[in-house]
Amino acid sequence: MTHAMLKGSNVPLEVTAVRAVLRWAAGQGAPEVDASALLLGPEGRVRSDEDFVFYNQPRHPSGKVRLLGKKREADRLTETVQTDLAGMEPGVGRVLLVASADDVTFDQVRSLSILLYDAAAADGEPLAYFDIKPETGAETALICGELYRRGDAWKFRALGEGYLNGLKGLANDFGISVDESEAPAETGGVPAVAEISLPLPPEQPVPQQPAYGYPAEPVSTQPAYGYPQPASPPAYGYPQTQAAPATAPAYGYPPTAAPALDPNFTLPPQGPQFIGR
């Protein structure tokens, strides 16, 4: 017999394993909903982050809780969580069954419900179902129900408790460590690497570009004020020749060299006009 659940009601489970099927209406613009489960210890919190079964960790290390994936059934979408009640570790007292839609609020999710089946029966009527009605519609995560121990037996309780801050907020409340330092979407979830500034090498003189294809004269690094200065750059691309120092020409004409005097030179005989009287 199938039990129709009301919020807060519970029903005993006389099976060794259950399939909890989260179901919502399909159609154009139907939002994406994800199922997940949290395994809680005696203090009502997870024992470690491994107790969080969700899309990035679809199977508990013990193998007792796992996601079976999403399916499309006619006009409905489903995702299933399977739980082995008989083999559950003694330290686990509750298993929360969660629905989340971080991109949208649950007022946009139509006909949301959870159905429990006997995992040992391939085809059969649900053991129980619960139509989930969000309290405000602004929720982005919902605890649909919980599997919990009572002595040696297990029960299911319908909850429908909502969270406005999504799956992260719900997970934080039950002891999951959520890393808030996320990287931007353009980096595929990889943290940005800080740039490191290295010291620049000593500044070196920059060689001049050759003029018109000829090599430039080397740049002198000698200081001014009494030290030789760098040679003048070549004019129009041709190297200058070093002119020998010379006396400046008079009136624009080059000076002529004076002839050498002959030591045996004598004056010619003088005319009578030069003989003394």
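Here is a short conversation about the cavity and the strands of this predicted model.

User: What makes the space lined by Ala20 and Cys144 a cavity rather than a pocket?

Analyst: A cavity is a place where a 1.4 Å probe fits but cannot get out, whereas a pocket is open. The structure holds 1 cavity of 30 Å³ or more, and about 50 Å³ of space lies in the largest cavity.

User: How do you know that Val21 and Glu79 belong to its lining?

Analyst: A lining residue needs an atom within 4 Å of a cavity point. Val21 and Glu79 are both listed in the lining, as are Leu22, Ser36 and Ile114, among others. Strands β3, β4, β7 and β8 each supply at least two lining residues, with the largest share, 3 residues, coming from β3.

User: Why is Cys144 counted with the nonpolar part of the lining?

Analyst: Cys is in the nonpolar class by definition, so Cys144 goes there along with Ala, Val, Leu and Ile. The lining divides into 9 nonpolar, 1 polar and 1 charged residue. Glu79 lines the cavity, and Glu counts as charged.

User: What makes β6 and β7 a pair?

Analyst: Pairing takes at least two bridges between the strands. β6 (residues 65-73) and β7 have 8 bridges in the antiparallel sense, so they qualify as a pair. Leu67 stands opposite Val81 in β7, and Val81 also lines the cavity. The two strands form a hairpin with 2 residues between them, and Ala74 in the turn has a positive phi of about 55°.

User: How many helices and strands does the chain have?

Analyst: The chain has 1 helix and 12 strands, and the helix comes after the strands in the order from the N terminus.

Conventions
Residues are numbered from 1 along each chain as its sequence is written. This is a predicted model: local features need pLDDT of at least 70, side-chain atom pairs count only at pLDDT 80 or more; totals for chains, interfaces and linings use all residues. Side-chain values use heavy atoms; hydrogens and water are left out. On a 1 Å grid over the protein atoms alone, a cavity is a set of points where a 1.4 Å probe fits but cannot get out, and a pocket is an open set with protein on both sides within 12 Å along at least five of seven lines; lining residues have an atom within 4 Å of a point. Grid points are joined across faces, edges and corners, and a volume is the space filled by probe spheres set on the points. Helices (H or I, at least four residues) and strands (E, at least two) are DSSP runs, numbered from the N terminus.
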